[in-house]
Amino acid sequence: MLTIKDVRKQFGSFTAVEGITLEIPKGEIFGLLGANGAGKTTTFRMILGLLTPSEGKITWNGKEISYETSDLVGYLPEERGLYPKLTVREQLIYLGQLRGMTRSEIQEQTHKWLKRFGAEEYLNKKVESLSKGNQQKIQFIAAVLHSPELLILDEPFSGLDPVNVELLKNAVHELKKDGTTIVFSSHRMEHVEELCQHLCIMHRGKSVVQGNLKDIKRSFGKKNVSVKADFDLTYLKETNGVVKHRLTADGITLQVEREEVAHDLFQAIQSKGFVRKFELEEPSLNDIFIEKVGVVHE
Amino acid sequence: MNKFFTVLMHTYRSKIRSKPFLISTLVTIALLFVVSNMGEITKMFGGDEESKIGVIDNTGNTLPALQEQLKAAGADLKAEAVDKSEKDAEKSVLNGDLDGLLILDKDASGMITGSYRAEDVTSQDLITDIEIALQQIKNKSAAESIGLNQEQLAAIYLPVSFEKQSLSDTAKSEEEAAQVYILVYFVLFFMYVSVMMYGSMIAVEVATEKSSRVMEILISSVSPVKQMFGKIFGIVLIALTQLVLFVIGGFAAVKLNENLSGSESIIQELKLNEIPTPLIVYALIFFVLGFFLYATLFAMLGSLISRVEEVNNIMTPIVFAIVAAFMIAMYGRENPESAFVAGASYFPLFTPMLMLLRVGMLSLPVWEVALGIGGLVAAIVLFAVIGARVYRGGVLMYGNAPSLKLIKQALLLSKEEKKNTTGV
């Protein structure tokens, strides 16, 4: 269990993180969302013990994370970095040893992960000669090589092609199944929706929304109605209770304040002609993010 | 402690296989062999051919005396009479039959004069040989003309008997001073070169880890303090490895020369094998401590920069310090008793070089040396503590070129993190 309690971080006069409280149970995937500069990386660095909170406390299984426990923690930093001149093998041996592994353990794990990512032929290649996607895979392996209990992934999927994103997502799922607690940050709402049970949206150092994904969606209240019909639907945006609308190629998507508004909409179009589609949808995380943070992101 | 050794071994292994290390070691050892066997190598190329000069002896009787003198001096030079006109003789110089042409005359007072002509007059050895021989002949004939005999002449040129004796028991003899001179010079030079080379290696290492951003993974696995010292110790080990290789290489080179030439080696000539052990121990102590001091400084400053290109900026002030120490040491070799040198030897950045110089050249009381070493150790601890703090803060900072402001900023950042620090 990772516990973050009333944590605040001040750099001089600038407050990077303000009063974050989170509880992340063992074996969960937790998503940390936020625009650039929201305080995600600072929070991660505090969890890792690289930075000390100005106030508050962060504990892992009741103990503060320090260099004594660093063998239990895996970290994939947002700014990717490996030694460009070392081979993949040398690299992983060094980083693995620094996480307290023996050479034979490292060899075994390296083999397993490279095979899984279809990157075995890179074992003795210098990192600088690998493509960016392959470097990211190696970076990911470096973070999970020592089978950490707590895994922190800062923007793990950025810059990867869809095939590799899928590969990494599956790996993350599997690690979760094995009981790893995973905290990850992302700009991509669909990744978060897909992977996380719990999440926290940060904005300017504060937590704006946090909790269970389903609860968040439910309590958000607003829902989406998407309609397709053979006649013009633009006039629907004038209906009471419609907050936002967006025209699509052959229809319209409306955000409504509550479910009842959808009933009114349904009544209104029934007599107008043939309706191809009428669907009431849960709000997407993207809607919630935009609403809470007030900025459009990706 | 375990991870400290992981960092140490990683640094050592990756550096010892690096091209700069291999190349600089091999080139230096090759140079040692070449320099110490210079004589044999020139012989291998057939040595210097005996030069042949033509002599037009207008005095009539000087040539035999000249030939005798040259032979006695062991000069590689053959002087032969030429029965040609000056013009023709000059021609044979130009077409290479003769290396030079010497015309001997007498001046108004009956003294010998010489005029030497050659294609060019840059071959200093040859000219000096001739000039000295002529001088001898002139001296002799001048002495004869005023009626001095050989013994009287010899008495004039007999060197004065002059002895130096130090009254203090602990004072260094002249021989010892010469040994120290060489040892100190060697240590100073090696220290200078290795601090420049390995110091920048440490700074580059840190800067590379920062610029490649691997630093963030590193500091999440191992404390910056362990990391910094692991690196410093690793590189100190590299420097010592190289030193040992140089000593072995140098020794082998000198032995080889001994076998080839059969003459006394430079080691015996300078009695280097008789250097007192304490001095060698001091040299090692000062070398290692001095290296640590500078290495800590380099690591600290290296943590402040974000890119390898900026290493040069931080090198400058340290290089100034080393060059200053080197210059004072060079001055101190001639004037080891100078109060200025004594004072400067207590300044930690200068201590390794200057205190060693003074220990070697003078008979220093033990407390002075102890004070110097103590000051050096204190400075290392101080720099290490500050360095570790700056390093801690510095590795997370990316930005401008280093300045005092940056050091302050890094210290502030690490002060806030202080309570999290775990020792080495």
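Which residues have the most contacts inside the largest nonpolar core? They are A:Ile152, B:Ile202, B:Ala295, B:Leu354 and B:Leu356. The core itself has 140 residues. This is a predicted model, and the walk below starts from that core.

Helix H12 (residues 277-302) of chain B gives the largest share of the core, 15 residues. Apart from this core there is a second, separate one of 16 residues. Its members include B:Val82, B:Leu102, B:Leu104 and B:Ala133.

Take B:Ile202 as a way into the main core. Beyond its neighbours within four places in sequence, B:Ile202 is in contact with B:Lys231, B:Ile232 and B:Ile235, among others. Its contacts also include B:Ala295, B:Phe298, B:Ala299 and B:Gly302. B:Ala295 thus appears twice: in the list of residues with the most contacts inside the core, and among the contacts of B:Ile202.

Now consider chain B as a whole. It has 17 helices and 4 strands. Of its 424 residues, 33% count as buried. Among contacts in chain B with a separation of 6 or more, 77% join residues 24 or more positions apart.

The UniProt record, an unreviewed entry, lists "transmembrane region" for several spans of chain B. These are residues 21-39, 182-207, 228-254, 279-302, 314-332, 338-357 and 369-391. Two of the spans can be checked against the model. Residues 228-254 of chain B are 100% helix and 0% strand, and their end C-alpha atoms lie 39 Å apart. Residues 279-302 of chain B are also 100% helix and 0% strand. For residues 279-302, the end C-alpha atoms are 34 Å apart.

Next comes chain A. The annotation "domain: ABC transporter", from an unreviewed UniProt entry, covers residues 2-229 of chain A. In the model this span is 34% helix and 31% strand. Its end C-alpha atoms lie 50 Å apart.

Some of that strand content can be followed from partner to partner. Strand S1 (residues 2-11) of chain A pairs with strand S4 (residues 55-60) of chain A in the antiparallel sense, over 5 bridges. Here A:Leu2 has A:Trp60 as its bridge partner in S4(A). S4(A) also pairs with strand S5 (residues 63-64) of chain A, again antiparallel, over 2 bridges. In that pairing A:Trp60 stands opposite A:Lys63. A:Trp60 is therefore a shared point: it partners A:Leu2 and faces A:Lys63. The hairpin of S4(A) and S5(A) has 2 residues between the strands.

What sits in that hairpin loop with a positive phi? A:Asn61 does, with a phi near 50°, although A:Asn61 is not a glycine. A:Asn61 is partly exposed, with 14 other C-beta atoms within 10 Å. A:Ser147 also has a positive phi without being a glycine, at about 45°. A:Ser147 is found in the loop between helix H4 (132-144) and strand S7 (150-154) of chain A. With 16 C-beta neighbours inside 10 Å, A:Ser147 counts as partly exposed.

Now turn to the contact between the chains. It takes 22 residues from chain A and 21 residues from chain B. On the side of chain A that touches chain B, helix H2 (residues 88-98) of chain A gives the most, with 4 residues. By class, that side has 13 nonpolar, 6 polar and 3 charged residues.

A:Tyr83 is one residue to follow here. A:Tyr83 lies in the loop between strand S6 (73-76) and H2 of chain A. Is A:Tyr83 buried or exposed? A:Tyr83 is buried, because 20 other C-beta atoms lie within 10 Å. Leaving out residues up to four places away in sequence, A:Tyr83 touches A:Gln91 and A:Val127 in chain A. Across the contact, A:Tyr83 touches B:Ser212 and B:Val214. A:Tyr83 and A:Glu128 are 45 residues apart in sequence, yet 8.1 Å apart in space, C-alpha to C-alpha.

Last, the confidence values. The predictor gives the complex an ipTM of 0.76 and a pTM of 0.72. The mean pLDDT of chain B is 79, and 85% of the residues of chain B reach 70 or more. Among the elements of chain B, helix H1 (residues 2-16) has the highest mean pLDDT, 88. Helix H11 (residues 266-269) of chain B has the lowest, 61. Over residues 419-424 of chain B, pLDDT stays under 50. For residues 419-424 of chain B the model has 13 contacts beyond four places in sequence.

Terms used
Residues are numbered from 1 along each chain as its sequence is written. Chains are lettered from A and ligands numbered from 1 in the order in which they are written. This is a predicted model: local features need pLDDT of at least 70, side-chain atom pairs count only at pLDDT 80 or more; totals for chains, interfaces and linings use all residues. Two residues are in contact if their C-beta atoms, placed from the backbone, lie within 7 Å. Ala, Val, Leu, Ile, Met, Phe, Trp, Tyr, Cys and Pro count as nonpolar, Asp, Glu, Lys and Arg as charged, and the others, Gly among them, as polar. UniProt positions are given in the numbering used here, feature names are shortened, and annotations may be inferred rather than shown by experiment. A nonpolar core is a set of buried Ala, Val, Leu, Ile, Met, Phe, Trp, Tyr and Cys residues joined through C-beta atoms within 7 Å. A residue is buried if 20 or more other C-beta atoms lie within 10 Å of its own, exposed if 12 or fewer, and partly exposed in between; C-beta atoms are placed from the backbone. Two strands pair if DSSP finds at least two bridges between them. pLDDT is the predictor's confidence in each residue, from 0 to 100.
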